[in-house]
Amino acid sequence: MPLQNHLTELERKHRALEREIQDTLNRPSMDDMRLAELKRRKLQLKDEIARLRTSETAVH
């Protein structure tokens, strides 16, 4: 998979997690453990996106 396609897919997943986090926050019976897991996954994606962008810049 070309790097740009991979970055696009990671960004799509990051946006989907953000929506899921917002949905979880808006529920009256918010699950703190679920919210923490979603935020952890979102941060991992953000770190991976940043790492790939840095490596892409270094290659060019």
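## Contacts and overall form

A contact here means heavy atoms within 4.5 Å. In this predicted model, residues 24 or more positions apart account for 65% of the contacts in the protein chain with a separation of 6 or more. The protein chain contains two helices and zero strands.

The C-alpha atoms fill a box of roughly 50 × 15 × 15 Å along the principal axes. The radius of gyration of the chain is 14 Å, whereas a compact globule of 60 residues would have one near 10 Å. Of the 60 residues in the chain, 17% are buried.

## The two helices

Helix 1 has 24 residues and covers positions 3–26. The distance from its first C-alpha to its last is 35 Å, close to the 34 Å expected at 1.5 Å a residue. Helix 2 covers residues 32–59, 28 residues in total. At 1.5 Å a residue helix 2 should span 40 Å, and its end C-alpha atoms are 41 Å apart, so the two values agree.

At the start of helix 2, D31 places a side-chain oxygen within 3.1 Å of the backbone nitrogen of M33.

## The coiled-coil annotation

An unreviewed UniProt entry lists residues 7–55 as "coiled-coil region". In the model, this stretch is 90% helix and 0% strand. The C-alpha atoms at the two ends of the stretch are 12 Å apart.

## The packed faces and the core

The buried residues of helix 1 are L7, L10, L17, I21 and T24, and they pack against helix 2. In helix 2 the buried residues are L35, L38, L45, I49 and L52. Those residues in turn pack against helix 1. An α-helix has 3.6 residues a turn, so residues three or four places apart point the same way.

The largest nonpolar core has nine residues: L7, L10, L17, I21, L35, L38, L45, I49 and L52. Helix 1 and helix 2 are the elements that give two or more residues to this core. Helix 2 gives the most, with five residues. T24 is buried, with a relative accessible area of 2%, but threonine is not among the residue types counted in a nonpolar core, so T24 is not part of one.

## Around the loop

M30 is found in the loop between helix 1 and helix 2. Its relative accessible area is 34%, so M30 is partly exposed, the class between under 20% for buried and over 50% for exposed. Leaving out residues up to four places away in sequence, M30 touches T24, L25 and L35.

T24 lies in helix 1. With the same sequence neighbours left out, T24 touches M30, D31, L35 and L38. D31 is also the residue whose side-chain oxygen reaches the backbone nitrogen of M33. L35, buried in helix 2, touches I21, T24, L25 and M30, again not counting residues up to four places away. T24 and L35 thus appear in the contact list of M30, and M30 appears in the list of T24 and in that of L35.

D23 also lies in helix 1. D23 counts as partly exposed, at 45% relative accessibility. D23 and L35 are twelve residues apart along the chain, and their C-alpha atoms are separated by 9.9 Å.

## E48 in helix 2

E48 lies in helix 2 and is partly exposed, with a relative accessible area of 25%. The side chains of E48 and R51 are joined by a polar contact of 2.7 Å.

Not counting residues up to four places away in sequence, E48 touches H6 and L10. L10 is one of the buried residues of helix 1 and belongs to the largest nonpolar core. E48 and E20 are 28 residues apart in sequence, and the distance between their C-alpha atoms is 19 Å.

How values were computed. Residues numbered from 1 in each chain as written. Predicted model: local features only at pLDDT ≥ 70, side-chain atom pairs only at ≥ 80, totals over all residues. Heavy atoms only, no water. Helix = DSSP H or I, 4+ residues; strand = E, 2+ residues; numbered from the N terminus. Expected span 1.5 Å × (residues − 1). Buried < 20%, exposed > 50% of the residue type's maximum accessible area, 1.4 Å probe, protein only. Polar contact = N/O pair within 3.5 Å; in protein donor to acceptor, adjacent residues only side chain to side chain. UniProt positions renumbered as here; feature names shortened; annotations may be inferred. Core = buried A, V, L, I, M, F, W, Y, C linked by side-chain atoms within 4.5 Å. Rg over C-alpha atoms; globule rule 2.2 N^0.38 Å.
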